Amino acid sequence: MTRRSFLGRAWRAGAALGTSLLALPLVRFASWQAGPAQAAVRAGPASAFPPGSRLPVAGQPLWIVHEAGGDLAAVLGRCTHLGCPLESDPSSGGWRCPCHGSRFDPSGAAVHGPATRPLPHAALWEEDGVLWADPAHPVPAGTRLRLEEGGA
Ligand code: FES
C-alpha cells in the first residue's frame, strides 16, 4: 500500500465516521414521536370532595370544585400569566398567584392582572366512585359533571 492510497483510505474512513456521527442525531430527530399524552389524574374518591368544596389534587396543579348545587369541575391551578402554581384565595373563593399577584374568581376568570386569560378547565369523570381528570383535554369553562344519585 502506498502512502497516497493509505491517506486516501484514512480520509474516506474519517469522513464516513464523521458523517455517521452527524447523521445519528438527525435520524433520531426524524424518528422522534410525541410520547403518550399526559395520563389522566386520579383525583381521589368523590366523597373526598364534598359539595361546596374547592380542593387541590395532591401533587397536581389541579383543583376539584364541587359547587353547592352538586356540579363538579376540574380547574387547572397554573397561573395563565407565567405558569406559577396558584394558591387558594379564601377572601374571594377563587385563586391568587403568589408570583405577580394575579387573581382568579371561583369560575376561574382572571379578575386582576397581569394574567388576562381564564384558568383552563379539564375533562372530569367518575368511575366506581373515584374522580378522574385529564389536564391534557381541556373543556369549556361551563362544563360540569353531575354525579349519579348515591355519588358524593
Ligand atoms: S405568574 Fe401569576 S401573575 Fe405572573
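**View 1. The low-confidence stretch, residues 24-37, in a predicted model.** Across residues 24-37, pLDDT (the predictor's confidence in each residue, from 0 to 100) stays under 50. The model gives this stretch 1 contact beyond four places in sequence; two residues are in contact if their C-beta atoms, placed from the backbone, lie within 7 Å. Where pLDDT is low, predicted coordinates should not be read in detail. Numbering starts from 1 along each chain as its sequence is written. Because the model is predicted, local features need pLDDT of at least 70 and side-chain atom pairs count only at pLDDT 80 or more, while totals for chains, interfaces and linings use all residues.

**View 2. The protein chain as a whole.** Its pLDDT averages 83, and 81% of the residues score at least 70. The chain has 1 helix and 11 strands. These are DSSP runs, numbered from the N terminus: helices (H or I) of at least four residues, strands (E) of at least two. The helix leads and the strands follow, in the order α-β-β-β-β-β-β-β-β-β-β-β.

**View 3. The open sheet E5-E6-E7-E8.** In this sheet, 4 strands pair antiparallel. Two strands pair if DSSP finds at least two bridges between them. E5 (87-89) and E8 (110-112) stand at the edges. Each has a single partner strand, so one side of each lacks a neighbour in the sheet.

**View 4. Where E5 meets E6.** Strand E6 covers residues 94-96 and runs antiparallel to E5. The two are joined by 3 bridges. In one of them, Ser88 has Trp95 of E6 as its bridge partner.
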